[in-house]
Amino acid sequence: MKHLAFLFALPLFAQQDLSVAWVRSSVEYAALSQQAYRAASQSLEAALAEPRWTAALEQKTGFEELPPAVILDLDETVLDNSEHQASLAAQRIAFDNDKWNAWVSQAKATAVPGAIEFLKFAQMRGVALVYVTNRACKANDENDPTVRNLRRLGAPWVPARLLCREGSSSDKGARRAAVAETYRVLMLIGDDFQDFVSVPSEQNSIAGRRAILGPNQQFFGERWFLLPNPMYGSWERVLQR
Ligand SMILES: [Mg+2]
């Protein structure tokens, strides 16, 4: 595609360096993250007050009386893994599963700016916090590194509300649907388009993703809140097609 030609003008590692540096150094990154969480906090009262309000496309009918919940992704939404991304960039590696697992096992991710404050505020307002992550974690194991990392950061957490990756699929639709059985989903918070909506593989192209965004754009800033992440995401797979 002609408009993507710029991608090939800059070596891949230089792009990786720039995106990691932006996350780790810029006030713009910190301010955007805070902005997303502040907007979410400000929407919370309206969401609680309106029983027909739901953020999950998987939530259909009969949810008005269910207790309220917010669904959050973990990586680059609550947990900041940019130290690991910086290490990969220094080694000129894009992604490595063993290195990722080694990083996760250290449980030393820091918090995305604004995340912990939002989580505590929502908890104080009686909202259940449900983490839907594609980490291969064990929610019931208190020694699981993701559990330890959340606890270390002071993130509200209970085993039943940490939904780890099941099997090989990274799609979160089934887990959102399961949460919607028990809770009224007030908000979705994530750094990747697929934290909000499922994208069928045949539609996972630039045009296909834009077509899905169209009718759903209205939710962003009101019930869907997007954190910035230029380092990686499902958007990359589209470029490789
Ligand atoms: Mg993420």
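Ala107 sits in the loop between H4 and strand S3 (110–111). This is a predicted model, and Ala107 is a good place to start reading its backbone: phi of Ala107 is near 55°, a positive value in a residue other than glycine. Most residues other than glycine have a negative phi. With 18 C-beta neighbours inside 10 Å, Ala107 counts as partly exposed.

Arg92 makes a natural companion. Arg92 has a positive phi of about 60° although it is not a glycine, and it belongs to the loop between H3 and helix H4 (97–105). Arg92 is exposed, since 11 other C-beta atoms lie within 10 Å.

**Loop and helix residues at a glance**

Here are four residues with their places and their C-beta neighbours.

| Residue | Place | C-beta atoms within 10 Å | Class |
|---|---|---|---|
| Arg92 | loop between H3 and H4 | 11 | exposed |
| Ala107 | loop between H4 and S3 | 18 | partly exposed |
| Glu83 | helix H3 | 14 | partly exposed |
| Pro67 | loop between H2 and S1 | 10 | exposed |

Pro67 comes in the loop between H2 and strand S1 (68–72). Not counting residues up to four places away in sequence, Pro67 touches Ala128, Tyr183 and Arg184. Pro67 and Ile189 are 122 residues apart in sequence, and their C-alpha atoms are 18 Å apart in space.

**How the helices pack**

Two packed helices are described by the angle between their axes and the distance between the axes. Let us take two pairs in turn.

Helix H1 (residues 12–25) packs with helix H3 (residues 82–90) at an angle of about 155°, and their axes are 9 Å apart. Because angles over 145 degrees count as roughly antiparallel, H1 and H3 are roughly antiparallel to each other. The crossing in which H1 passes H3 is left-handed. On the H1 side the contact involves Phe13, Gln16, Asp17, Val20, Val23 and Arg24, which meet Ser82, Gln85, Ala86 and Ala89 in H3. By class, the residues of this contact of H1 with H3 are five nonpolar, three polar and two charged. Glu83 also lies in helix H3; Glu83 and Val23 are 60 residues apart in sequence, with 9.8 Å between them in space, C-alpha to C-alpha.

What is the angle at which the axes of helix H2 and helix H5 cross? The axes of H2 (residues 27–49) and H5 (residues 115–124) cross at roughly 10° and come within 9 Å. That makes H2 roughly parallel to H5. Tyr37, Ala40, Ser41 and Leu44 of H2 make the contact with Ala115, Glu117, Phe118, Phe121 and Ala122 of H5. The contact of H2 with H5 divides into seven nonpolar, one polar and one charged residues.

**The nonpolar cores**

In soluble globular proteins, nonpolar side chains tend to be buried together. Here the largest nonpolar core holds 46 residues, and the members that touch the most other members are Ala69, Val70, Ile71, Leu129, Val130, Val185 and Met187. Val185 shows what such a position looks like. Leaving aside its neighbours within four places in sequence, Val185 is in contact with Thr54, Ala55, Ala56, Gln59, Ala69, Ile71, Val179 and Ala180. A second, separate core has six residues, including Val20, Val23, Tyr29 and Leu88. Val20 and Val23 are also among the H1 residues that meet H3.

Key:
Residues numbered from 1 in each chain as written. Predicted model: local features only at pLDDT ≥ 70, side-chain atom pairs only at ≥ 80, totals over all residues. Core = buried A, V, L, I, M, F, W, Y, C linked by C-beta atoms within 7 Å. Buried ≥ 20, exposed ≤ 12 C-beta atoms within 10 Å, placed from the backbone. Contact = placed C-beta atoms within 7 Å. Axes fitted to C-alpha atoms, helices over the stretch in contact; angles between N-to-C directions. Helix = DSSP H or I, 4+ residues; strand = E, 2+ residues; numbered from the N terminus. Parallel < 35°, antiparallel > 145°, perpendicular 65-115°, else oblique. Left-handed = near helix turned anticlockwise from the far one by under 90°. Nonpolar A, V, L, I, M, F, W, Y, C, P; charged D, E, K, R; others polar.
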